[in-house]
Structures are given as C-alpha cells and as structure tokens.
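Visitor: Could you take one spot in this model and look at it closely? Start there, then work outwards to whatever else a modeller would want to check.

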Amino acid sequence: MLKLYHRWGSTCSKRVRICLAEKGLEWEGRIMTAVEERENLEPWYIDLNPNGVVPTLEHDGRILIESCVILEYLDDVFPEVPLRPADPYDRAAMRIWLDKAEFVVHKNVNVLSHNRRHSSTASGVDKDAWLRNAEKYPKFEYRQERIRRFHEGVSAEQENFAEACLAELMDEMDATLSKSPWLAGDEYSLADISITPYIQRFEANELTRLVDWTVRPAVGEWWRRITARPSYEEGMRLDLAK
Ligand SMILES: N[C@@H](CCC(=O)N[C@@H](CS)C(=O)NCC(=O)O)C(=O)O
C-alpha cells in the first residue's frame, strides 16, 4: 500500500506524483492542508517527516522522505516501468541532475517564490499566523530563514541572484538536450521528472528570462515532449495547483 502525504501545488509532491503516474501505481493521498495553520507543522506529521515538509511516502507502513530519494525508492521497488538508465554512466548523469534539481533548482525557486506565492501578502495568510508557522519549522536553518524572510523579505538583489543561478542551469540543460533527447541519455528518466514541476512554475510566474524557448530551443523541444506525456497532466494536477 502506498500513501502519499502531499499538497497539490507542491513542486516536490508533483515529482512523486509524476513518477507514480509513469509507473501506473495505485496510491492513496493524504492532502496536508496549509491555510492559516499548516498541517505539515503539526507534531504527528513531524514524527513522520522530521523536516516538516511535504511530501512523505508511506509504503507498507514504512516512511520515506525527500522527494528525489522517494523517486529512486519507487524505481527500486517497482522496476516494471524502469525510470533509471541501465547504463552506469547515464545513471551517474541522472544522479547529477537529481542533485541539481534539489540544490540548484528547488533552492533558488524557493527564493523566487517568496514574494510571488509564499509571503503573508502573496498567500493571504494573516501576518501573526505566518510568523507562528515560521517559528514551528523543526529544522534550525529552515526556521531561521523563514523568520528572516518574515522580517526582511526577499530583496530584488536576492531574486536576481537566484534567477541567474537558474538561467545558468537552463543553459546546462540546453547543452545536454542538444546532444540527447532526455537529460540522462536516450530514455526518459527520474532526471526529467525531478525538474519538470519547476519549469511549469517558471512559466506560471512568467520568468521570461528562463522560459524563452527561442533562446534555449532544445529545452523548448524537451518541454513539448514532457508536457505531452499523460503523466504530466496526471501528476501535476494544475487544476488543483493551490
Ligand atoms: N528536499 C525536500 C524538500 C521538500 C520541500 O521543501 N517541500 C516544500 C513544498 S515543495 C514544503 O513542504 N515547504 C514547507 C511548507 O510548505 O510548509 C524534498 O525533496 O522532499
């Protein structure tokens, strides 16, 4: 039995849902509400996910966290539709993309999302409740960053820095995809899945510097193929994006 604790609009949850859709697996969902109070910061959930973030996967009573780790786990346990390259070199390339998806893409998108989606003004959450939530994050670094953003916000300079890191990453993607159809070689893989939700977020946030496909045509071509896959619609559920 697979149970996913997730939110429809969460990029990390989308990674896992796309993977589940690609593999045609049945799963049960537990939506973590995030209005004034965030369910992911309640003690029962922090017992499951000590970072207090979504998603968390439960498989036959065992708990897994970290979306990119969950992707690899699902591919280990349900290998019938393989989503990792068989060739060790391509598999290593895939892992490097998973790393970049987490430490370049997710990290910098988080910066760019603050003023657009997450701040108390953008999300419509009462200021006191927003700060109360920020103070509840169980991990020191994450908590301090949220509290700092509450008091200082995210500046234009920090946004420009994050966007430049993402532009560089998109250039790397374009160079890779000029040589092979998918990020880790000839087959669609977890590498492609790990980055998919963020490209949609760039488009939704009208980050034109990142999604002008005349500048990066190979990424544009890849994106057309990604969005044509049934798993895109099924996993992203953009109609439930909040
Ligand atoms: N490295 C983690 C990152 C998880 C993460 O940052 N999740 C976001 C949503 S995409 C989250 O739950 N943020 C805290 C919140 O929404 O309260 C993973 O890949 O699972």
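Guide: The model is predicted. Our starting spot is Pro138, found in the loop between α6 (127–134) and α7 (140–152). Is Pro138 buried, partly exposed or exposed? Its relative accessibility is 27%. Buried would need under 20% and exposed over 50%, so Pro138 counts as partly exposed. Now pair Pro138 with Ala204. The two are 66 residues apart in sequence, and their C-alpha atoms are 30 Å apart in space.

From this proline, go to another. Pro217 belongs to helix α11, which covers residues 217–228. Pro217 has a relative accessible area of 48%, so it is partly exposed; the exposed class begins over 50%. How far apart in space are the C-alpha atoms of Pro217 and Lys127? They are separated by 42 Å, with their positions 90 residues apart along the chain.

A third proline brings in backbone geometry. Pro55 sits in the loop between α2 (43–48) and β3 (56–59). The peptide bond joining Val54 and Pro55 is cis, with omega at about 5 degrees.

Next, the positive phi angles. Glu206 has phi near 50 degrees, a positive value in a residue that is not glycine. Where is Glu206? It lies in the loop between α9 (190–204) and α10 (208–211). Its relative accessible area is 65%, so Glu206 is exposed. Arg237 also departs from glycine: phi is positive there, at about 45 degrees. Arg237 is placed in the segment after α12 (230–236). With 29% relative accessibility, Arg237 counts as partly exposed. A glycine joins the list too: Gly24, just after α1, takes a positive phi of about 65 degrees.

That leads to α1 itself. The helix runs over residues 11–23, 13 residues in total. From first C-alpha to last, α1 reaches 19 Å, close to the 18 Å expected at 1.5 Å a residue. How many of its residues are buried? The count is 13 of 13. Glu22 is placed in α1. Its relative accessible area is 16%, under the 20% limit, so Glu22 is buried. Between Glu22 and Asp47 there are 29 Å, C-alpha to C-alpha, for 25 residues in sequence.

Another buried glutamate is Glu159, found in helix α8 (residues 156–179). Its relative accessible area is 15%. What does the side chain of Glu159 contact? A polar contact of 2.8 Å joins it to the side chain of Asn115. Beyond α8, in the loop that leads to α9, lies Trp182. Trp182 counts as buried, at 10% relative accessibility. The C-alpha atoms of Trp182 and Met94 are separated by 9.9 Å, although the two are 88 residues apart along the chain.

Now the empty space. Rolling a probe the size of a water molecule over the atoms shows where such space is left. The structure holds one cavity of 30 Å³ or more. The largest cavity has a volume of about 30 Å³. Which residues line the largest cavity? They are Ile18, Tyr188, Thr196, Ile226, Arg229, Ser231 and Tyr232. By class, the lining divides into four nonpolar residues, two polar and one charged.

Last, the ligand. It is surrounded by 16 residues. The closest are Arg7, Glu66, Ser67, Glu102 and Tyr137. What lies 2.6 Å from a polar side-chain atom of Glu66? A nitrogen atom of the ligand does. Arg38 and Asn40 come up against oxygen instead. A polar side-chain atom of Arg38 lies 2.8 Å from an oxygen atom of the ligand. For Asn40, a polar side-chain atom lies 2.9 Å from a ligand oxygen atom.

Terms used:
Residues numbered from 1 in each chain as written. Predicted model: local features only at pLDDT ≥ 70, side-chain atom pairs only at ≥ 80, totals over all residues. Heavy atoms only, no water. Helix = DSSP H or I, 4+ residues; strand = E, 2+ residues; numbered from the N terminus. Expected span 1.5 Å × (residues − 1). Buried < 20%, exposed > 50% of the residue type's maximum accessible area, 1.4 Å probe, protein only. 1 Å grid on protein atoms, 1.4 Å probe; cavity = no way out; pocket = protein on both sides within 12 Å on 5 of 7 lines; lining within 4 Å. Points joined across faces, edges and corners; volume = space filled by probe spheres on them. Nonpolar A, V, L, I, M, F, W, Y, C, P; charged D, E, K, R; others polar. Near = heavy atom within 4 Å. Polar contact = N/O pair within 3.5 Å; in protein donor to acceptor, adjacent residues only side chain to side chain.
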